[in-house]
Structures are given as C-alpha cells and as structure tokens.
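Here's a quick briefing to read alongside the model. Have the sequence and the 3D view open before you start.

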Amino acid sequence: MSAIVVNEFARMRHLHVVLLVAVLFAVVTGIGLYAAVFNPDFDRTSASSWNTLLMGMGSGFTLAAPLLLAVVASRLVDAEHQGGGWLMSATSGVTPGGLCRAKLLALGLLVAGATVLVSAAFAAVGLAVGIDAPWPAGRWLGLTACLLVVSLALLALHVVLAARVENQLVGIGLGLLGAVVALISTAVPTWIAHLTPWGYYALSAAAGYVDGQLAGFAPSYLNIGGLSAVAAAIFALFTRSFDRQEV
Amino acid sequence: MSFIVESSNLTKAYGGRTVVDGLDLRIPEGSVYGFLGPNGSGKSTTMKMLLSLIRPTGGEVEVLGQPMNRSTRRQLLGSIGSLIESPPGYAHLTGAENMRIVQRLLGLDDAQVDFAVKTVRMHGQMGKRVREYSLGMKQRLGIAMALARQPKLLILDEPTNGLDPAGIEEIRELLRRLADGGVTVMVSSHLLGEVDKTATVLGILSQGRMIFQGTRADLFSAATPDLLIDCSDPRRAQSMLARAHGARLEDTTVRLAGVDSDEATAGVVTGLVAEGIGVHGVRRDEQTLESVFMGLTAGGGL
Ligand SMILES: Nc1ncnc2c1ncn2[C@@H]1O[C@H](COP(=O)(O)OP(=O)(O)O)[C@@H](O)[C@H]1O
Ligand SMILES: [Mg+2]
C-alpha cells in the first residue's frame, strides 16, 4: 500500500500539484485575512475579532477550494488516461480502484497539510495583533476539521469523476460551478446548503451574523459527519466497481 | 513438452458478438510464440485474458502451471512482463522517473532496473521526458518496464507497430536475445514478416478462431506449394492445363496449384509429353510464409 501512495507523490512531479496546493493555501489565506481584517467588527480588544478571523477562514475555502481541488484531482488522474497508466498498473496487479484510493490518500495528505497551515496562519495573525480575548480553541479546531472533511469529500468526488469521465473539462467545469454553489450556500436557508457537497463549507461556519450581530457558534458537526459518511460510502462503492472494471 | 501458457476453449464475447472463439493456446516454455492475425482478429483481447485483465466469457487459462484468474493474478503478474496495445509511460516524467515507479510498485532493486534499461538500449535516454521520446523509444521503455521484473514470460502486443525497418529489426534482435536468455516470449503482429524470422512457434488467428498453431515447418507442410513447369511450348501447355489445374503463365513458366502428390505431378508431365511438348523443368515454388499465411487467412473467411 505504502509503495502505491509514494508512487502518487512521484507522479505529481512536473504536474504542479504541490504548487497548486500551495496556491490554495495562499489564496485562502489572502482572501480570508483580507475579509477578516477589513471587517468593521475586527477589533482586537473584543472576542469578535476571533469571530471575524473564523469567518474569513471559511470564506477563503468557500471561494478558492472548489475549483483548486477539482484541478489537482483532475491533473493527477488525467496522467493515467494520458500515459496508459491504468493498464500499466493493472499488469502489475494494481487495480484502477486501488490507484484512485492511493490518489485520494496522497492528495488528501497535501490538502490536510495546507488546511492545518491555513488554520495556524490565521491563529498566528490573531495572536500577533494581540487580540485580548482568549483564543477559542474548540471552535477553531472544529472549523479546521470541518473544512478539511468537506475538502476531502470534494477531492473524492473529483477523483472518481476524473477517472470515470476522460474529458477533464467536465470536472473542472463542475469545480467552477461548485465555487458558485458554495458561495450561494452561505446566503440561503441551511436546508438548501445541505443539498450539495459545496454547501457544507457554509455549514462548517463557526461564526457569523445572527440578526445583524456577529456571533460565535459551533459548526454543524453532525451534518458534516453525515457528509463524510456518505462521501466515504460513495467513494468506496465507485472504486470497488473500478476494481471489477475491465481495462 | 511443457507449456508455460495453456488455455482451453478460451472465449470472449462482447454483447453477443464473439471476438475470441474457443482458443486452445499452447505456448511451449522457452519458445518465441508468434501470435498472428489481421487487425480486429482478437489478439489483444486474448492477451488481456491471459493476464486476467479482462474476464473470459468461457474457458480457462493456466499460466506457469497455475490457473490465472482474479484471485491469483496479483501473484502471477510478478513473473509476467507485458506490453498491451500502446506503450505506457507518463509523458510528464522522465524515463528514469517512469522506471522508478515500476521499481517501487514491484519492489525491484536498482540492478534489475539497470539491466532492463540496458537490454533495450535506453540507458542514454533516461534523463529525457517521455514526451520527447520517439515511438520507438516509447516502445523500448515499455518493454524495459515489462522486463525489469525479470519475467519468465513476456507478452508483447504488436511491439513493432509503427516502427521503421531499423526499429523493427532492433526489436526482433531483442526478442532473440531474450529467448536465448531463457525468457518465453509471446509476441503478436498483424504482419507476418515482423515475427516470421524470430518465432519458433506460430499461432494464427482469424476472426477470433485459431486457424493454425504449430512450428514453422508444420505450417509449410500444411500447405502445398505450387508446381512450376518449364517446357518447349508454355502457351499450349497452359491452355491444356487451365481447366484441370487452373494453370497460369508466368513469363515462360506454367504455374499449377493444388497438385499435391507425386503421382499427380507425374500425370501432368506425362500428359504434356504425350502432346509433344518437351518438359525440361519441374519444380515446387519457393514458398514464403507470407503466401501460406495469406492462403490460411483467406481460407478462414477473411
Ligand atoms: N471492450 C470492447 N467492447 C466491445 N468490443 C470490443 C472491445 N474490445 C475489443 N472489441 C472488439 O473485439 C475485436 C477484437 O479486438 P482486438 O482483440 O483488439 O483485436 P486485435 O488486437 O487482433 O486487433 C474487435 O472487433 C474489437 O472491435
Ligand atoms: Mg490489438
């Protein structure tokens, strides 16, 4: 198993996958910090500053992740289509489903790293500007975990799609659409946000405006747990069917 | 004789259309098995079934003395190198990076990889990206990937496809060297000339059916070469023999097909002499494998 995953990192060379994940980090941090620091409620003497940072982090992922995750998944999977890689691996005993699982694991590790770095960067900014209120550790880690789970679910979706549909414009187009859906989901009733995986970025929120007042609250852990279960089941189902597929 | 590959009644149908039909493949250990057939005759499909990459509709495959199926293939594929249809290779990576992926996947050591790369004479090209490779270089890299595991059996699907004559000769020479080193090679082609001189055993496929399997000598004896007659009046001889033997005139030589026994040959000569035609040459045509092959595939309803 480990050799198969290490091979995924080897395949990423020259594909700019790591660079794209770094771009994800930079864009999320840029958008998020900009949104947080220029928020009129950003005031380092009150607890609301932490809330603006939590909101900013959510917005960053909402805007940047859907497309960038689609692109990295597509690039790594498309290499197999282009290089006859499915057949090559099959002749060495690694099934297409196994390849997809390895890709999700490898990309997931990178995205997890980027997410943790984003989270740390936001916390560092808050501490550096000297926000007086204590750091809301529980909600902070909760938001970080939820954003990661949603991103992994989207990665799984795009890995399966890129493997199934050879034309990579389909996946990229869906990622673009996803960004729009993710954005809209922050402004519609929550039941609508539940309908698509992108909507779950909005459900991850650990702070927001309630009746015009900035307030902190817990992310919808239960719903995001539900998303992760559904995504894992669907991913397992599809990759299992790839295993049986003839190449 | 022991067989490294044996199939019985191997069959594959796609949506009711049978594309491989009841093959009883016998590949002797240590042979170069030339698997011949026109495009679409089912060569690639058969090879994929031998590797358990696709599931047979019917029949069985035994490789290296063990049944080959979904549960055994992982282990068996460690001793089978293969190159099916187009050569693999990640275009964005260098040859060396591609080899390293195979190396890691199969847990091979550096010496095995170096040996494979040197065998296909690609050691000078490994720093280049595969994107910059010619087709011949890609084929050779693909063969190196298959060879690195030091397989007992090598299955190559049209490895000379699209190569220039020098490239074809190089692959032929490579196959000969591998066979000398004890590797059993199964190589397919839709062109007889490409495997003609290297193959020790031939299997000929037409529309999914095996129309011949055996040695080159067996193949020649399966078909009767034309009888060629030189005589004093070729034109008259041709018209005399046209009806019975489909005689044709080639320059001053009369060509007869289907004269398959010594008695029949003597009868023809006697007939000509009785008509006052002097016979000064009777011989069998130099038969090329090509003409035998064409005859067989035509007979198979090509
Ligand atoms: N996946 C498939 N679905 C349907 N038909 C197929 C499939 N693969 C191959 N065939 C058909 O099977 C026949 C044999 O194909 P193939 O084995 O590739 O022939 P060859 O390698 O001798 O050129 C062809 O008519 C081809 O169209
Ligand atoms: Mg073929």
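What follows is a short tour of the two chains, then the helix packing, then a few single residues.

This is a predicted model, so local features need pLDDT of at least 70 and side-chain atom pairs count only at pLDDT 80 or more, while totals for chains, interfaces and linings use all residues. Residues are numbered from 1 along each chain as its sequence is written, chains are lettered from A and ligands numbered from 1 in the order in which they are written, and side-chain values use heavy atoms, with hydrogens and water left out.

**Chain A overall**

- Chain A has 10 helices and 2 strands, where helices (H or I, at least four residues) and strands (E, at least two) are DSSP runs numbered from the N terminus.
- Going along the sequence, the order is α-α-α-α-α-α-α-α-α-β-β-α.
- The C-alpha trace of chain A spans about 65 × 35 × 30 Å along its principal axes.
- Its radius of gyration is 19 Å, which agrees with the value near 18 Å for a compact globule of 247 residues; the radius is taken over C-alpha atoms, and the globule rule is 2.2 Å times the number of residues to the power 0.38.
- Of the 247 residues of chain A, 52% count as buried; buried means under 20% relative accessible area, exposed means over 50%, and partly exposed is in between (1.4 Å probe, protein chains only).
- Among contacts in chain A with a separation of 6 or more, 79% come from residues 24 or more positions apart, with contact meaning heavy atoms within 4.5 Å.

**Chain B overall**

- Chain B has 11 helices and 15 strands.
- Its C-alpha atoms fill a box of roughly 80 × 45 × 35 Å, taken along the principal axes.
- Of the 302 residues of chain B, 50% count as buried.
- Residues 24 or more positions apart make up 67% of the contacts in chain B with a separation of 6 or more.

**Helix α3(A) and its partners**

- Two packed helices are described by the angle between their axes and the distance between the axes. Here, axes are lines fitted to C-alpha atoms, for helices over the stretch in contact, and angles run from 0 to 180 degrees between N-to-C directions.
- The axes of α3 (residues 48-83) and α7 (residues 168-185), both of chain A, come within 8 Å and cross at roughly 165 degrees. The pair is therefore roughly antiparallel, a label for angles over 145 degrees (under 35 is roughly parallel, 65 to 115 roughly perpendicular and the rest oblique).
- α3(A) passes α7(A) in a right-handed crossing: the near helix is turned clockwise from the far one by less than a right angle, whereas anticlockwise would be left-handed.
- On the α3(A) side, the residues meeting α7(A) include A:L63, A:L67, A:V71 and A:H81, and on the α7(A) side they include A:I172, A:G175, A:L176 and A:A179.
- By class, this contact of α3(A) with α7(A) has 10 nonpolar, 7 polar and 1 charged residues. Ala, Val, Leu, Ile, Met, Phe, Trp, Tyr, Cys and Pro count as nonpolar, Asp, Glu, Lys and Arg as charged, and the others, Gly among them, as polar.
- α3(A) also packs with α5(A), at an angle of about 155 degrees with the axes 11 Å apart, which makes these two roughly antiparallel.
- The crossing of α3(A) and α5(A) is right-handed too. The contact has 16 nonpolar, 4 polar and 2 charged residues.
- Among the residues in the α3(A)–α5(A) contact are A:W50, A:M57 and A:F61 from α3(A), and A:L107, A:V111 and A:F122 from α5(A).

**A closer look at A:V71**

- A:V71 lies in helix α3 of chain A and is buried, with a relative accessible area of 18%.
- Not counting residues up to four places away in sequence, A:V71 touches A:L20 and A:I172.
- A:V71 and A:R11 are 60 residues apart in sequence and 15 Å apart in space, C-alpha to C-alpha.

**The first helix of chain A**

- In α1 (residues 2-12) of chain A, the buried residues include A:I4, A:V5, A:A10 and A:M12.
- Their cover includes α2 (17-37), α3, α4 (85-90) and α5 (96-128) of chain A, together with α3 (95-106) of chain B.
- A:H14 follows α1(A) and has a positive phi, near 65 degrees.

**Positive phi in chain B**

- B:S52 is a non-glycine residue with phi near 60 degrees. B:S52 sits in the loop between α1 (43-50) and β5 (58-63) of chain B and counts as buried at 5% relative accessibility.
- B:D251, also not a glycine, has phi near 55 degrees. B:D251 is in the loop between β13 (248-250) and β14 (253-256) of chain B, and counts as exposed at 77% relative accessibility.
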